[in-house]
Amino acid sequence: MTARLDASRAFVPLGIAVLTVSDTRTLADDRSGDTLAERLGQAGHRLADRAIVPDEVEAIRSRVKAWAADPAVDAVITTGGTGFTGRDVTPEALEPLFEKRMDGFSAIFHRISYDKIGTSTLQSRATAGVVNATYVFVLPGSPGACRDAWDGILAAQLDYRHRPCNFVEIMPRLDEHLKRGAPPSP
């Protein structure tokens, strides 16, 4: 079965927050954040919020935790801080918050990226997971990487009409483990 859009299903707009992690960017020159905001808007989603924070673990965590606690935010997309330099700390900030890791996101992102930039894709630590029943996608800080992730992965997976499956249809069950409580001790 190939992926397709099921026209019998209505599009479900999501609230998506965009976080740019950078010590130097402002809203006036944040091309990666602009790319994501533009694409999600063109797809029919709502930009729930947008912010820029410095490459600091607590600043990144604080912003994402606040959005994950906001019922108007269904997904968070971050851009920046996924490389290997000393200031690149976005994965370190967010991966400890993941209740569920999305290893396939990184694998598919690198597959798409490899076709465009070859082995240079190794210099990204793109990752994703679920925090408080909110999807969190951690992207490199380049407009090209943001386009690749949106066009190649997120546009389809954040569209309820996408078949055979998508992230939207499982959103109501993302917090089952919280409702169920901790498993009994042995």
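Which residues in α1 are buried? The legends below start with the whole chain and come to that helix in the second view.

**View 1. The whole chain, a predicted model.** This model is predicted, so local features need pLDDT of at least 70 and side-chain atom pairs count only at pLDDT 80 or more, while totals for chains, interfaces and linings use all residues. Residues are numbered from 1 along each chain as its sequence is written, and side-chain values use heavy atoms, with hydrogens and water left out. The protein chain holds 6 helices and 8 strands; these are DSSP runs numbered from the N terminus, helices being H or I with at least four residues and strands E with at least two. Going along the sequence, you meet them as β-β-α-β-α-β-α-β-α-β-β-α-β-α. The C-alpha trace spans about 45 × 40 × 30 Å along its principal axes. A compact globule of 186 residues would have a radius of gyration near 16 Å, and the chain's value of 16 Å agrees (taken over C-alpha atoms; the globule rule is 2.2 Å times the number of residues to the power 0.38). Of the 186 residues, 46% count as buried, where buried means under 20% relative accessible area, exposed over 50% and partly exposed in between, with a 1.4 Å probe and protein chains only.

**View 2. Helix α1 and what covers it.** Here is the reply to the opening question: Ser32, Gly33, Thr35, Leu36, Ala37, Arg39 and Leu40 are buried in α1. Their cover includes β2 (15-21), β3 (46-53), β4, β7 and α5. The helix has 13 residues and reaches 18 Å from its first C-alpha to its last, close to the expected 18 Å (1.5 Å times one less than its number of residues). Just after α1, glycine 44 takes a positive phi of about 105°.

**View 3. A closer look at glycine 33.** Glycine 33 sits in α1 (residues 31-43) and counts as buried because its relative accessibility is 0%. Setting aside neighbours within four places in sequence, glycine 33 is in contact with Val18, Thr20, Arg50 and Thr79; contact means heavy atoms within 4.5 Å.

**View 4. Threonine 82 in its loop.** This residue lies in the loop between β4 (75-79) and α3 (90-94). With 4% relative accessibility, threonine 82 counts as buried. Not counting residues up to four places away in sequence, threonine 82 touches several residues, among them Asp88, Pro91, Arg125 and Val138.

**View 5. Helix α4 and its packing.** Phe105, Ser106, Phe109, His110, Ile112 and Ser113 are the buried residues of α4. They pack against β6 (127-131), β7 (134-139) and α5 (143-157). At 1.5 Å a residue, the 15 residues of α4 (residues 103-117) should span 21 Å, and the end C-alpha atoms are indeed 21 Å apart. Glycine 118, just after α4, takes a positive phi of about 65°.

**View 6. Some backbone oddities.** Most residues other than glycine have a negative phi, and most peptide bonds are trans. Asparagine 132, though not a glycine, has a positive phi of about 50°, and alanine 133 has a positive phi near 60°. Asparagine 132 lies in the loop between β6 and β7, as does alanine 133. Asparagine 132 counts as partly exposed at 36% relative accessibility, and alanine 133 counts as partly exposed at 21%. Elsewhere, a cis peptide bond with omega of about 20° joins arginine 163 and proline 164. Proline 164 is in the loop between β8 (162-163) and α6 (176-180).
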